[in-house]
Every structure is written in C-alpha cells, then in structure tokens.
Amino acid sequence: MNPEKDELHEAAAIAVITIGNELMGDDGAGPAVFEALRKEPLPPGVDVIDGGTGGMSLLHVIKDYPHVILVDCADFGGNPGEVKVFVPEEVRSLKEIEYSLHQLDLLEVIALSQRIGEAPRTIHIVAVQPERIEPATTLTRKVSAALPLMVKEVLKQIMKMTQ
Amino acid sequence: MSEIAIKVDHLTRVEGHGNIILNAKNGAIEKVQWQVTEAPRMFESFVRGRHYHQVSHVMSRICGICSIGHALCSLKATEAAMSVTISEQTELLRKVALHAENMQSHILHVGYLVAPDLFRKGSVFPLIETHPDAVLKIIALHRLANEMSDLLCGRTTHPITLMVGGFTSTPSERELSSLRDRLSNILPVCDEVNQLLLDNVHMLPDFTRETEYIGLTSDTEYALYDGVIGSTDTGTHPVEDYESIANEYVVPYSTAKFASHARESYMVGALARFNLNAEKLTSGARAWAQKFGLSPISYNPFMNNVAQLIEYYHSVEDSIALIDTILNKGLKNETPSYAVKAGRGVGAVEVPRGILFHDYTYNDKGFCTRANCVIPTNQNHKNINLDLEALAPTLLGLAEKEIELNLEMLVRAYDPCISCSTHYLTVEFT
C-alpha cells in the first residue's frame, strides 16, 4: 500500500527470508545468516527479510516474489552443523504438532501458498542441522561454524537465479 | 512449580504453555484445572530506568499479536503521567490502528484456530482441501488487516510510527482513501465468512455459566481505545481504580496471576465488550449479532468466537467512518508538543483478548521508576478454571477424544494469549 514499497517489491525478484528465534539456541541460525547477509554486496532485485519465527504471515510475504530462498534450521537427521539445500517437494514434514501461531510448520505454509495459487515460482530452503534448540542466546560451535557455508549457499542460489 | 515465586510487581505472562488437567474416577470429577506454566517475563522490570520514549517500544514486545494495543496502552499511560494531550487526528488514527489489530487477531483466531474445531480437522491446513473457498476468504480478511497495520503502524507487528503525543509518520490521504475502498470492498467477504460460522454455529457447545463481564465502556462509542471500566455486576469505575478491579493474586498451580472482582472470577474479551456495549456496535455488526441470536448478556463463553467476528465487522465499518472523518477534516502534518514531567499515569485499552492496563511512574527527567501491567488473559484464567469445572461433569458420558476436544475448545474460545496452546494443551486422564 506504500507506493515506494510496492515499487521496491515489483523490482525485487528474489526474497531471502531468514527464519528462527535467536533466543532458542541453534534456532537462531536464520537470524545469524540475516546479519551476515547484510554485510554482503547483493545484486539489485534481492530483498533480505528477517522472517522472525515465521508463522502464517509468511504467506503474505512470499506471494510478492517469484523466487524465494528460505533460511532456517531443520532437523533432517544429519550431523549438527551439516547444511543442506533442498526444494519443498524433496521433503515431507515429520512434525506432528498442529498449527499454532508461533510454531507452525513452514512446509505447511508453503503448501498452502501453492494450493491457493500464490506460491513463488521457485522456493529453495537452505537449512542447517541444529545441535541444541532450547533457551539460549548463542549458537552451538558446530552451527556457528556452518554460517559461512549457509551464506555461501544463499549467494549461490541468488547467482543461479540472476544469471 | 512451587519453586517459582510470583511477586505482585512482576509482569503477567501472556504467551506460553498451559495444560488442562482432568482427573475423573468412577464417573466423578476429582480434579479439573487449567494450569499456566510459563516463566515470569519481567517486562515491568525491563522498563524501570528507561526513558519514556523507549517504553512503548519495549512494552509492545510483550505480545506479537497485541503489539499495537500494548503500544497504545503504554503511550496512554505515559501521556497521562505527563499530562500530554493528543490531537483529534492522532486519536482517530490510533483508533484505526487498534481496529487493524482487532481485525488481524480476531480473524486469525476464528479463521485459523477455531474453524478446524468446527470442521473437526486438526489444523487449518487440511481445511484447504475440504473448504478451499472459506480458507481463501479467511486469508483475504487476514491480509487486509495485516496491510492495514503496515500502513498505520509502519509494519505488521511491533509498531514504529506510534509515539508519545502523536505519530512519527502518517499515511497519505491517497493511502487512507485507498484503504477505505479496500475496507468497503471486504464487507461482502465478511458477510460470507460470518455466514459460514452461522451455518456451523451449532458445533459450538451450548454451555452457560453466569459470571461477571468487565471491559471498557463509553456513552459515545463501542469502547476500544478509550472509556471507563464497566462491569456487568457493579456498573462503571474510573480507569485509575484498575487495581481494585483486577485484584490480582497467585495460585500454587499456575505461574500466571489470577484475578477476581465482584465474584470469584470474571471474563474479559470480545464477549465481555459485547455484553457491555452491544448497542454501540455499527449497524452491520448489530445486524450480524441478531442473525447469530446473540444478545447481552450472553453467558456462553463459546460465543466469544462469534463476538469476535461481529467485532471484525464493527472494526471494518467503524474504520471506514473514522477514515471519512479524517479525510473530511483534511490530513494535517502535526508535531507533538509537550513538556516532560514527573508523575504517575494509568492507561487502559481494549485489546483483542480484553481490557489491558499499563501504569507507569516517571521521574522529572522522564525515566520510568515503576511499572505495572495487567494483561487480559490473566484476568480470564480463573474464569476458564470455573468454566472447566462446570463443563467437565456434563461431558463424562462422551468418548475421551470428545471430552478432550470440548475442553480444548472451551479454552480456545477465550483466545488466550498463550497462543501456542493449540498444540501445547495436554489432557491427562487417570
């Protein structure tokens, strides 16, 4: 509704959306990548968005972009600090929780977005395997060490999309 | 639990974890209890020693859903402490901002959290397969409310434009006019969503228990931003008397404070507001109340869900009227002017879940020396417990799953700002 913002959104083709809670140990990987990306020179047309803890509001954010890169921590059964890049279709959620305001399943929001015909053309998820998700304001050493690789993977995806 | 010492000066808990405990043996209830197990959050301590211009920004972090309401209540308390008067334009714009939050929160609750109960689904996501049209409409209502918050407050959550005495920036006339059109266009969608709830309202249990309802009330409007304290039992009271209304106390089984006034418990929220102020609703909202057969005083807590949708309608219609007034008067570029001074002030605002109080004391340099907040959800905890005690015995003939669902639906009806409760709820049977 803000004209300047609308123009920006029209111009921006890629959104990098970081997800996570920096008060919950390794769940803060997303916010840490957000801070790191702020220091990187990015090509025009890329918005870096701190998506906070996600939630249904993400539905209203991702609809504005043809390409979205989500950065989150995810338990994919890997070694702590291991980084994987995947698309939503490659995985299925093992979460058993029902929807709540704060801890809903990111994959469900993406599925909902696809179902209502609003989803970005491409969605990539850059994820790190956490070691510890519990109240703490620091990342574990292994996840902290994985941050440069996460940033590199995000930049690689941006390069692929902009070339 | 017993190791957690709750002190009166510490802030209430508004997010977190709650449990329902039900023990029944041989058809008799031994124990039924709503427990809140969240740790104290210390916000009142956070703002001590902080300069007044920071306080509303810190306090808005109490909640990610009611952040506009917390910011406005905080600003009102600070303005009361320093005798700051605001312009008519600021008041009108703040009212629109509060409507945005009310709409955002109510549709999120009814659309995403309650609707799955009505359709016997585990969450909103499977609903897209069975009721795609309904989900699309709910998303449209949520989206408009979010964008309205963006426009008035600078972003969807944790407002940045609201400040002591006014706004750091206001929307342009063109933006307000465009918002007005969008609000006007959303009314038919509201009608359809309301009709959907009406078609399924029989799924809400027919349960009543008399209690006291408390909320802001006003002679001139459906009180949300301003008014005096109203009680269905005792009439009206000045906002400054809030401590003798809430009478907060602690219980051993909950880390959240409880509250009581004329009776053992009272209820705040959309149903309380409706019970106190129904005749002040906009015409469209009143018409929907009639269709739902809702009239004051309704003692069915499950009707809080219905009252929320009626309030969504009211917020849309009233926002249109407020924007018309702002545009007719012409949007002015205003700069707040006031002097910092020592004093104590109490602010009260109706946030989606009920009446909210902030109370600050400042020194002559504008630094906060004392703070106290009374949050809606905590005012409801005792009422939830008593409702559970009354409802549970009526359910014992049902299958365990149905008992569990009914108890969960009751707690959800209050829309407690222990929002994660939709999955953190656990029900134990012994």
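**Exercise 1. The four-stranded sheet of chain B**

How many bridges join strand β5 of chain B to strand β6 of chain B, and do these strands run parallel or antiparallel? Place the pair within its sheet, in this predicted model.

*Solution.*
1. Strand β5 of chain B covers residues 212-217 and strand β6 of chain B covers residues 228-231; four bridges join them, and they run antiparallel.
2. One pair of residues fixes the register: B:Gly215 has B:Gly230 in β6(B) as its bridge partner.
3. The pair belongs to an open sheet of four strands in chain B, ordered β7-β6-β5-β10, whose pairing is mixed.
4. At the edges stand β7 (235-237) and β10 (266-267) of chain B, each of which pairs on one side only.
5. Helix α9 of chain B, residues 270-277, packs on this sheet and touches β5, β6 and β10 of chain B. The direction of α9 makes about 75 degrees with that of β5(B).

**Exercise 2. The three-stranded sheet of chain B**

Determine the strand order, the edges and the packed helices of the sheet that contains β11, β12 and β13 of chain B.

*Solution.*
1. The order is β11-β12-β13 (chain B), in an open sheet with antiparallel pairing.
2. The edge strands are β11 (343-351) and β13 (368-374) of chain B, since each pairs on one side only.
3. From one strand to the next, the twist averages 15 degrees.
4. Between β11(B) and β12 of chain B (residues 354-362) there are nine bridges, and these strands run antiparallel. Within this pair, B:Ala348 stands opposite B:Phe357 of β12(B).
5. Helix α3 of chain B (residues 67-81) packs on the sheet, with contacts to β11 and β12 of chain B, and its direction makes about 150 degrees with that of β11(B).
6. Helix α12 of chain B (residues 376-395) also packs on the sheet, touching β11, β12 and β13 of chain B; its direction makes about 130 degrees with that of β12(B).

**Exercise 3. Two helix pairs**

Describe the packing of α7 with α11 in chain B, and then that of α2 with α3 in chain B.

*Solution.*
1. Two packed helices are described by the angle between their axes and the distance between the axes.
2. For α7 (residues 173-200) and α11 (residues 303-329) of chain B, the axes come within 9 Å and cross at roughly 160 degrees.
3. Angles over 145 degrees count as roughly antiparallel, and α7(B) and α11(B) are therefore roughly antiparallel to each other.
4. The crossing in which α7(B) passes α11(B) is left-handed. The residues of this contact comprise 17 nonpolar, four polar and two charged.
5. For α2 of chain B (residues 52-59) and α3(B), the axes are 8 Å apart and the packing angle is about 155 degrees. By the same cut-off of 145 degrees, α2(B) is therefore roughly antiparallel to α3(B).
6. The crossing of α2(B) and α3(B) is right-handed.
7. On the α2(B) side the residues are B:Tyr52, B:Val55, B:Ser56 and B:Met59; they meet B:His70, B:Ala71, B:Ser74, B:Leu75 and B:Thr78 in α3(B). By class, the contact has five nonpolar, four polar and no charged residues.

**Exercise 4. Backbone exceptions in chain B**

Locate the cis peptide bond between B:Pro296 and B:Ile297, and the positive phi of B:Asn247.

*Solution.*
1. Most residues other than glycine have a negative phi, and most peptide bonds are trans.
2. The peptide bond from B:Pro296 to B:Ile297 is cis, with omega near 0 degrees. B:Ile297 lies in the loop between α10 (283-292) and α11 of chain B.
3. B:Asn247 is not a glycine, yet its phi is positive, at about 45 degrees. The loop that holds B:Asn247 runs between α8 (242-246) and β8 (249-251) of chain B.

**Exercise 5. Confidence of the model**

Which stretches of chains A and B have a pLDDT that stays under 50?

*Solution.*
1. The scores of the model are ipTM 0.78 and pTM 0.88.
2. Chain A averages a pLDDT of 85, with 85% of the residues at 70 or above. In chain B the average is 89, and 92% of the residues score at least 70.
3. In chain A, pLDDT stays under 50 over residues 1-10, for which the model has seven contacts beyond four places in sequence, and over residues 95-103, with 27 such contacts.
4. In chain B, pLDDT stays under 50 over residues 1-15, with 42 contacts beyond four places in sequence, and over residues 419-430, with 39 such contacts.

Note on methods
Residues numbered from 1 in each chain as written. Chains lettered and ligands numbered in written order. Predicted model: local features only at pLDDT ≥ 70, side-chain atom pairs only at ≥ 80, totals over all residues. Pairing = 2+ DSSP bridges. Axes fitted to C-alpha atoms, helices over the stretch in contact; angles between N-to-C directions. Contact = placed C-beta atoms within 7 Å. Parallel < 35°, antiparallel > 145°, perpendicular 65-115°, else oblique. Left-handed = near helix turned anticlockwise from the far one by under 90°. Nonpolar A, V, L, I, M, F, W, Y, C, P; charged D, E, K, R; others polar. pLDDT = per-residue confidence, 0-100.
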